[in-house]
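Student: I am new to this structure and would like a close look at a single part of it. Please take me through that part slowly.

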Amino acid sequence: MPNIRKRIEFSKVRIYQQELRPENTDENGDKNDEEGKDFSECEIKFEIKGENLNGHGPQIAATVTDENGESHPAMGGWPEVEVAFTVSESDIPRVNAWFDDNYQGVTEPESALLQKNRTAAVLNALKSYFNSAVSSNLFTSPFRIGWHYRFTDGSLSTFHDSGILACFHSAPRLLIVRRQLSDKHLHTRAQVRNIPGRLHYQLQPASDFKEIRDRLKAIEIYITKPVELYPPNGEVAGIRSVTIDGSPHRCWHYDRYSESDVALRVSQDNDFRRIGSISINEIGDNNNYIAVPIAAGALADFSKLPKPDSTTGGNPSMAGKTIRILTEPLHLDYKEDEKSVRAVTLRGVFQRDKVKFRLYASQHRENRHLIASVTGPYIRGIYGNRWRWFEIEIEAQMREGDFFEAATFEFNVS
């Protein structure tokens, strides 16, 4: 097939942007020291406390502990989902072998129907679980969180970025706890090794907090959108043995983003939205963790939540700032085919002699590889392996009016 040219508009794909700051500076570029520090700053701690998710069990009691070593006593066990689908007669020996690793009687290749049915069943089960959690305002994946004071005159304090919050940092394992294959129908019940948790806060006032309490109206809490843990249109390979809690278990195996990719995406997301506001009158002197008040359905309609005011440090002007931009994995409209990229050109208005431009590639949107790195807007002369997915990374110091608009790929399809 001849060379293909494809222009990828950044406005039409997901972009992750991060401001890069020099060491020992704050969000305004000022040196960090005690001078100029906001008065009467409180320490606010955030925590996710797991709850049982309505409609998802558990049927098997268990002690639930997250990746941080924190236990969740309000949960009687891990959430569970049903994964069930029809199996053609020719595929029954293969499906049996998924569970006992005995492939001696497997003579027929896997049917396209088996791949289609299991993929639909597993992805629908995952979708049902995550949608149920979102509709209940429960968190299941990493996100960034921060806060500021709202004063009675309407002004705001400095925005405090409290970092990343999560119980698990990768897509859940689907541990099969029950199975039955009969009448050409496979039915499994699987534990979802994930925690649907409610957001809580604990306020630890500074020594002079009482002196300014009358000037405060509320503490406003902002988060970024909880990051996706797996591609919603990925593939399901079947069942594999995975070591969990020191023992091997049969699990449904599906495409998952790597933990490093999840961490990168959540760290580079700067689109904070207000998820809750705590009136100063509601803040007491106890040290207990209290659930953050979140309006019903807020997580399900995240894009409509209010953004921070410009005075929080989220100034929309990026002039004078150094930023890093990363695109989501791109399939260039040939999702199922391997592609050999020959060149990439960056489009927009920016300092062409200073921009750092990198191209990454992967087969399954994980374990990505750096295949080109240049200073300037052109990547040329790439020859080598073929890949299914590509990501662009840009680092640049922005001037007033600078922007990145698109990237043009030149490639062949195998």
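Student: Which residue in S12 is the bridge partner of Gly 238?

Tutor: In S12, the bridge partner of Gly 238 is His 253. Before going further, a word on the source: this is a predicted model, in which local features need pLDDT of at least 70 and side-chain atom pairs count only at pLDDT 80 or more, while totals for chains, interfaces and linings use all residues. Residues are numbered from 1 along each chain as its sequence is written, and side-chain values use heavy atoms, with hydrogens and water left out.

The bridge belongs to the pairing of S11 and S12, which is antiparallel and runs over 8 bridges. Strands (E, at least two residues) and helices (H or I, at least four) are DSSP runs numbered from the N terminus, and two strands pair if DSSP finds at least two bridges between them. Both strands sit in an open sheet of 5 strands, with the order S4-S8-S7-S12-S11 and antiparallel pairing. S4 and S11 are the edge strands, each pairing on one side only. On average, neighbouring strands of this sheet are turned by 35 degrees against each other, direction ignored.

Helix H1 packs on this sheet, touching S4, S7, S8, S11 and S12, and its direction makes about 140 degrees with that of S7. Axes here are lines fitted to C-alpha atoms, for helices over the stretch in contact, and angles run from 0 to 180 degrees between N-to-C directions. Contact means heavy atoms within 4.5 Å. A second helix, H2, lies across S4, S7, S8, S11 and S12, running at about 160 degrees to S4.

H1 covers residues 92-100, and its buried residues are Arg 94, Val 95, Ala 97, Trp 98 and Phe 99. Buried means under 20% relative accessible area, exposed over 50%, and partly exposed in between (1.4 Å probe, protein chains only). The buried residues of H1 pack against H2 (112-135) as well as strands S4 (80-86), S7 (174-182), S8 (185-192), S11 (236-244) and S12 (247-254). After H1 comes Asp 101, with a positive phi near 60 degrees.

Trp 98 of H1 deserves a closer look. Trp 98 counts as buried because its relative accessible area is 4%. Leaving out residues up to four places away in sequence, Trp 98 touches Phe 85, Tyr 103, Glu 110, Leu 114, Arg 118, Leu 186, Gly 238, Ile 239, Arg 250 and Trp 252. Gly 238, with which we began, is thus among the residues that Trp 98 touches. Ile 239 is 141 residues from Trp 98 along the chain, yet their C-alpha atoms are separated by 5.7 Å.

Now the setting. The chain has 4 helices and 21 strands. Of its 414 residues, 46% are buried. Among contacts in the chain with a separation of 6 or more, 77% are between residues 24 or more positions apart.
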